[in-house]
Amino acid sequence: MRESPSTQGEPSTSATVDDSCSADRVEDSQLFLSVPALNQAASYLAQTASFLTQCLPVPGYVSLSEEDQELVTLPPASAVDRLSVQTSSVVSTGTNSSLGQTDCSGSPSQENTGQMVPSHVFHNGASLFQGLVERARKTVRGSADDISWLQRDQSLPTTDDGTARFLEILDSVRKNEHKLPDSVVYLLVPGLFSNHGPLYFVKTKAYFSKMGLACHIAKIHSESSVSKNAREIKEYIEEIYWGSRKRVLLLGHSKGGVDSAAALSLYWPQLKDKVAGLVLAQSPYGGSPVASDVLREGQLGDYVRLRKIMEILVSKVLKGDLQALEDLTYERRKEFLRQHPLPQEVPIVSFHTEASVTPSVLTALSHVAHLELPIAADGNSTRIPVVMPLSAAMAACSQLLVARYGEKSDGLVTRKDAEVPGSVVVRPEGKLDHAWMVYSSLKEEPGDQADTSQVCEALLTLIVEVAQKRRHETAMKDE
């Protein structure tokens, strides 16, 4: 049996190793000490890992026990053949014991100096930094592999370009030549945050009513999940149909288009005789890089609880459901569309645009609501406009998506992700941001700029023509 070193004299400055197990451990420690740069890097890695593991909640990381948490000090290599690693151990409350030297049987020696750095400190530190690298790589890569996934899927039907015909119809509309039939009812479905934009689609509804057309705005909770809104839209369609005995023509903007398409996908057997067609305007049918980049798990944003912050913003401030935003991520859209594809017999028109990034847009304010002031002495209340820099925000987001992914967008939805397979696609060159259909301008649009109501009329006129053409082709095949 080996004699324990005496504790009477001056403490030893080196670890005494007599068996093969201890010899191997000293040899491992000297590997770090033989190269000064490696020694310093190992010391820095261990100390930083110990600090970060106490500060950052890293999933899957098992923290060290209180006994094993050591402040590691690795001195530079000296000319002396016998080198040591000095550590200051954390002493548990109520005891005078410290981590000492162990032999092959695992029994600790009484010597409390000359201790070596536990190997699991380096292992856990390396795992931590490897995790950081993976998170950084995932954050930088973002949605680069997901954008335009619909167009790369060879199993999906191709699209037809209807831009030229749309521009012809829009030109006729501006000349007061209206061709929309009154044999259908028009249902406008707003997108996210429509409950916080009282003017959303109001101008367009009034425009249609002046032409004697039956037009409704779906009063759904836009910050709800796609499946919930799909059911509400289905009920809207059935109520309109049974009340008017007319089929419904839908126009959904942004998430409203996704919700409308989901209603047709989920409830087509009940709706196939009640729906005349669908227009998706600036809708993230394939997904949105903005939603995906914010909510994607395993990114550096997890360290600042970005997902939790978004949940509080949507749930507490906007009184909505985070599921509404999650449903617009690429992962969720891929899953939903593979399980519930859109019926091919539905006439579809897809409309997407690109945001302007001119200096005038970056300083523009958008009219989103009215504020009613108290009734004055004359008995009339005063209404003042509520404005927000929506156009400036869309321009900034558009520039970010171009810089990061090289993709053109309206600020929130890339042009490629807005195209529905098998649809007639409208790709105008005019610069219109994603919020363009949400707000009403403080001043009338210039003659060369698109008017929201006129664009909606042209899009719906185009879908009527597409539906008529399909019926004619079907009749010819039957004959």
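1. In this predicted model, helix α6 (residues 202-210) packs against helix α15 (residues 452-478). The angle between them is about 65°. Their axes lie 9 Å apart. The crossing of α6 and α15 is right-handed. On the α6 side, the contact is made by Lys203, Thr204, Tyr207 and Phe208. On the α15 side, Thr452, Ser453, Gln454, Cys456, Glu457 and Leu460 take part.

2. Helix α8 deserves a look along its length. Residues 255-271 form this helix, 17 residues in total. Its end C-alpha atoms are only 20 Å apart. A straight helix, at 1.5 Å a residue, would reach 24 Å. There is a bend in α8 of about 55° at serine 265. Proline 269 follows within four residues of that serine.

3. Check the surroundings of α8 too. This helix is mostly covered, with 14 of its 17 residues buried.

4. Turn next to glutamate 354, which sits in the loop between β8 (348-351) and α13 (359-362). Is this residue buried or exposed? Glutamate 354 counts as buried because its relative accessibility is 15%, and the cut-off for buried is under 20%.

5. Which side chain makes a polar contact with the side chain of glutamate 354? The partner is lysine 431, at 3.3 Å.

6. The wider contacts of glutamate 354 come from residues beyond four places in sequence. Lys408, Ser409, Asp410 and Arg415 are among them. Gly430, Lys431, Leu432 and Asp433 also contact glutamate 354. Lys431 thus appears in this list as well as in the side-chain polar contact.

Conventions: Residues numbered from 1 in each chain as written. Predicted model: local features only at pLDDT ≥ 70, side-chain atom pairs only at ≥ 80, totals over all residues. Heavy atoms only, no water. Helix = DSSP H or I, 4+ residues; strand = E, 2+ residues; numbered from the N terminus. Expected span 1.5 Å × (residues − 1). Bend = angle between axes of the 7 residues up to and from the residue. Buried < 20%, exposed > 50% of the residue type's maximum accessible area, 1.4 Å probe, protein only. Polar contact = N/O pair within 3.5 Å; in protein donor to acceptor, adjacent residues only side chain to side chain. Contact = heavy atoms within 4.5 Å. Axes fitted to C-alpha atoms, helices over the stretch in contact; angles between N-to-C directions. Left-handed = near helix turned anticlockwise from the far one by under 90°.
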